[in-house]
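The following is a walk through one predicted model, from a helix to the strands and the core. Please keep the structure in view while reading.

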Amino acid sequence: MALLLGAALLGVHFLMAALSQAPLSPAKVKYYGVVDSYLGPYFAQNWKLFAPDPLSDDRGILARAECADGTTTGYFDVTTPYINKVHSTRFFPSRMSRVVTGTLQQMGESDEALRRVRENAEKTKSPTIPVLPQEKATREESVTFLSRYSMDHMPQACNGNLQKIQVRMYVHELPPWSQRNNAEAEGKVNVKDFAWKEVDKLR
């Protein structure tokens, strides 16, 4: 019985993963929200390692805290420690590094149908669909999640008496392939600061 239940759960998981990568269809549009909420952030799937649109940036988050006495800490690197753990454990790496990167990826993506409509509008220079309330709500949930995650990973800040948390997202655009032999090529770094979140509302 346990074996059958395990096989059924595994089958559902693979079905969700396959549907997330399937071509756009009525079924994918209908179940996009269910699939997206199940896979993210630990099991998010993407093919950005491959052509024609390979991932060409390095992204993560920093966080800082406001203490009870009104002082503000410096930024704490939330992403890098878990990336380093993945690099040091090749056979059984932790998936914790995907919590941040998966959430950032979800924050920047929208429904595939909407994305295609917006891309076509951009190509034809036509009016496009503005950011929908559901997309705004999803992004706000992502910021709240990242703030809560950051709070849990910087317990030393303010001697543990944090009042507010602010998350900063960075996107380091890697140098183009044409500059691969240039040791001084650094690429471009874009930064976005999100609104402060009160710690009491994150717990």
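**Helix H6 and its surroundings**

Helix H6 has these buried residues: Glu 135, Ser 142, Val 143, Leu 146, Ser 147, Tyr 149, Ser 150 and Met 151. Buried means under 20% relative accessible area, with a 1.4 Å probe and protein chains only; helices are DSSP runs of H or I with at least four residues, strands are runs of E with at least two, and both are numbered from the N terminus. The model is predicted, so local features need pLDDT of at least 70 and side-chain atom pairs count only at pLDDT 80 or more, while totals for chains, interfaces and linings use all residues. Residues are numbered from 1 along each chain as its sequence is written, and side-chain values use heavy atoms, with hydrogens and water left out.

The 20 residues of H6 should span 28 Å at 1.5 Å a residue (1.5 Å times one less than the number of residues), and the end C-alpha atoms are 29 Å apart, which agrees. Ser 147 lies in this helix and counts as buried because its relative accessibility is 0%. Leaving aside residues up to four places away in sequence, Ser 147 touches Ile 165, Val 167, Lys 197 and Leu 202, where contact means heavy atoms within 4.5 Å.

Strands S1 (residues 57–67) and S3 (residues 162–173) run antiparallel and are joined by 11 bridges; two strands pair if DSSP finds at least two bridges between them. Arg 64 stands opposite Gln 166 in S3.

The largest nonpolar core (buried Ala, Val, Leu, Ile, Met, Phe, Trp, Tyr and Cys residues joined through side-chain atoms within 4.5 Å) has 24 residues. At least two residues of this core come from each of S1, H4 (97–108), H6 (133–152), S3 and H7 (199–202).

Notes. Buried < 20%, exposed > 50% of the residue type's maximum accessible area, 1.4 Å probe, protein only.
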